[in-house]
Amino acid sequence: MSETDWDKVWVKVEHATKQFFTKKGTVTALEDVNLEVHDGEFVCLLGPSGCGKTTLLRMIGGLDAPTSGTVEIDGEIVDKPSPMMTMVFQEYSLYPWRTIAENVGFGLEMMKVPKDKRAEGVAKYLELVGLKDFGNSYPYELSGGMRQRAAVARALASEPAVMLMDEPFGALDAQTRNKMQRELLEIWEKTKKTILFVTHSVDEAVFLADKIVILTPRPGRIHEIYENPLPRPRDRTSVEFASLRKKVLQVIEELEQENANL
Amino acid sequence: MKWYTKLILPVAAVLIWEIAAILVNNPYILPRVEDVFAVFLTPFADIYGSGSLVSNAVVSITRVVTGFVIACVIAVPLGIILGRYPRLENFCDGLIQILRPIPPMAWVPLSLAWFGIGMTSIVFIIVIGCFFPILVNTIDGVSRVKKSWLETAKIYQASDRQVLSKVLLQAAGPAICNGLRLGFGIAWMSVVAAEMMPGASSGLGYLIMYTYNFGQVHIIIAGMIAIGIIGIAADQLFRILQKKKFAWEALDK
C-alpha cells in the first residue's frame, strides 16, 4: 500500500439534501449535508436512529441519489456505485448458496478477475480476517461474528480505496462486537483504507473513529464534527475514554431533547 | 418414523382389496390383485390393438414433457420480469387471477376448436395446466429476493446479466423449482384427463378409457397404478433436485 496522503479527499458531499416523497407528504431525511473524508481516515457517522446516517452512507455508496446537492468520490460525481468503494451491510449480505471463499471472491468474480488470481486474493483476505480454515464452509455454518468477518474480507478483496460500513456489528453481542472493533482497527492499520462507519453507539464511535460526525435527529443535519484526540491503541476503561464518551453522549442527548421539545 | 412405516397402509389396502376381490368374485367389478400384477409382467404386450402399457406411457410422458418445456420457456422468464417490476406485475395481476382458477379441463372444448383433435390440442391443455403454478411461484421467488443481496451485487459492479445469473436465479431457485414441481404434477394430471376426451387415440388416459369398453377392469387398475407411479417418480426427481441444488435454503435460517 502507498503512503497515506492526508490531503487527498476521497469523499466529498456538498449541500446534499435527501427527501422521500410518500403519500403522507414529504419527509426530509437529510438537509444540507457537507462532508469531506480524507485518505486513510476512520470516520464515524453517529446519531440517533432515524437521523438519516444510513441514507447518507447509501448516497455515498451510490445506492440512493440526493434530491439536491452532490456526492463525489475521488472527484467524480456518484450516480451509481463506484468501483473505488465497497460497502459492508449490517447482515444478510453474504450469499447463502456460496461458500465463504466464493462469497469473498464475489467482487473479483464480477470484475472478471481470472480464477487463479481470484483464489490468491481470496486466500490473502481470508487469512487477514482469520477465516483461512473456513473457506469451504457455508455462511449458515458460521457464527454472526465470523459472517461479518467474511463480509469485511469480501469488501477488502476488491481492493477499494474507501470502505463504507453500515452498522456492521450492530447485530452482534457486546463481547463479539468489541472483539470485531479491535480486529477492524488492526485491519485498518495494516491496509490503510479510508473507512466511513455508521453507528448509533457512542462507545463504538469513540473507540474507532478519528473523526466523529454527529448528526441531528430528522431532518438529519451535521451538528458537529468531532476530532477524536485519544491516542491509539485506545483503552475503553481509561478515564480519558470515559470522559470523551460522556461528552459525546451529552451532545446526542441534548439533540434528542431539543427534538422532543419541538 | 422409519421409512417402512409409510408402506404399512398401502400393503393393508392391497390385502383388503384382495379379500374384497375374493368375496365379490366378479373380475368386471373388482379383479384380483394377481391379475392386475400380471399386466405389469408383460409391459410390452399389445392390449386390444391400443398399444402396450409402456408405449402408451411413453406417449403420455412425451406430451407432458413437451407441454411442460413450452410452459417453462414462457412462464419462467415472464415470472422473472414480473417479479422484478412490481408495477408491471400489478398491471398483469388482474388477468392472471382471472385465468388461474380455470381448470385445464375447461380449456378442452376451446382447444379442440382451435387446434382440432391431436397432439397440439393435448399439449395446449398441458401448457395451460402448468403455466400458472410456474409463473406464480417464479414471481413470488423473484420478488422475495433480499434487497441487500441485490444491492451487494450492485456495489460489486455486477452487470445486469451477472445480477440475473449469479443472484436472482440463485436466490429465487428454490421457489422456481417448487413451481416446476407443482406445475409438472398438474401437467401429469391434465394429460391423463385430456387423453380420456373423445378423439384421443393413445396415451395412458386413452388406454384406461379404451379397455373400459371391453370390461377389462384389471387393465384399468394397472393403468391407474402406472399413472400414479410415474407421477410419484417425477415428483421425487424434482425433490431430489431441490435438495441437491438448494440445500442452503433449508439450512439458512
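## A tour of a surface patch and two cavities

Start on the outside: select B:I61, B:V65, B:V69, B:I70, B:V73 and B:I74, and you'll be looking at a nonpolar patch on the surface, with about 460 Å² of accessible area together. Keep in mind as you click around that this is a predicted model.

Now pick out just B:I74. It belongs to helix α3 of chain B, which covers residues 53-84. Is B:I74 buried, exposed or partly exposed? Its relative accessible area is 41%, so it counts as partly exposed, since that label covers values between 20% and 50%.

Next, let's go inside. Rolling a probe the size of a water molecule over the atoms shows where empty space is left. Here the count is 2 cavities of 30 Å³ or more.

For the largest cavity, select A:V129, A:R149, A:V152, A:F169, A:M180, A:E183, A:L184 and A:I187, which line it. Two elements of chain A, α5 (144-157) and α6 (174-191), each give two or more residues to that lining. Which one gives the most? That's α6(A), with 4 residues. The space inside is about 50 Å³. Try colouring the lining by class: you should get 6 nonpolar and 2 charged residues, with no polar ones.

Last stop: the second largest cavity, with about 40 Å³ of space. Select A:S82, A:P83, A:M85, A:T86, A:M111 and A:S158, then add B:I155, B:Y156 and B:Q157, to show its lining. How many of these lining residues are polar? There are 4, alongside 5 nonpolar and no charged residues.

Notes
Residues are numbered from 1 along each chain as its sequence is written. Chains are lettered from A and ligands numbered from 1 in the order in which they are written. This is a predicted model: local features need pLDDT of at least 70, side-chain atom pairs count only at pLDDT 80 or more; totals for chains, interfaces and linings use all residues. Side-chain values use heavy atoms; hydrogens and water are left out. Patches are made of residues with over 30% relative accessible area and no salt bridge: like charges are joined within 9 Å, nonpolar side chains (Val, Leu, Ile, Met, Phe, Trp, Tyr) within 5 Å. Accessible areas come from the Shrake-Rupley method with a 1.4 Å probe; for residues, only the protein chains shown count as cover. A salt bridge is a side-chain nitrogen of Lys or Arg within 4 Å of a carboxyl oxygen of Asp or Glu. Buried means under 20% relative accessible area, exposed over 50%, partly exposed in between (1.4 Å probe, protein chains only). On a 1 Å grid over the protein atoms alone, a cavity is a set of points where a 1.4 Å probe fits but cannot get out, and a pocket is an open set with protein on both sides within 12 Å along at least five of seven lines; lining residues have an atom within 4 Å of a point. Grid points are joined across faces, edges and corners, and a volume is the space filled by probe spheres set on the points. Ala, Val, Leu, Ile, Met, Phe, Trp, Tyr, Cys and Pro count as nonpolar, Asp, Glu, Lys and Arg as charged, and the others, Gly among them, as polar.
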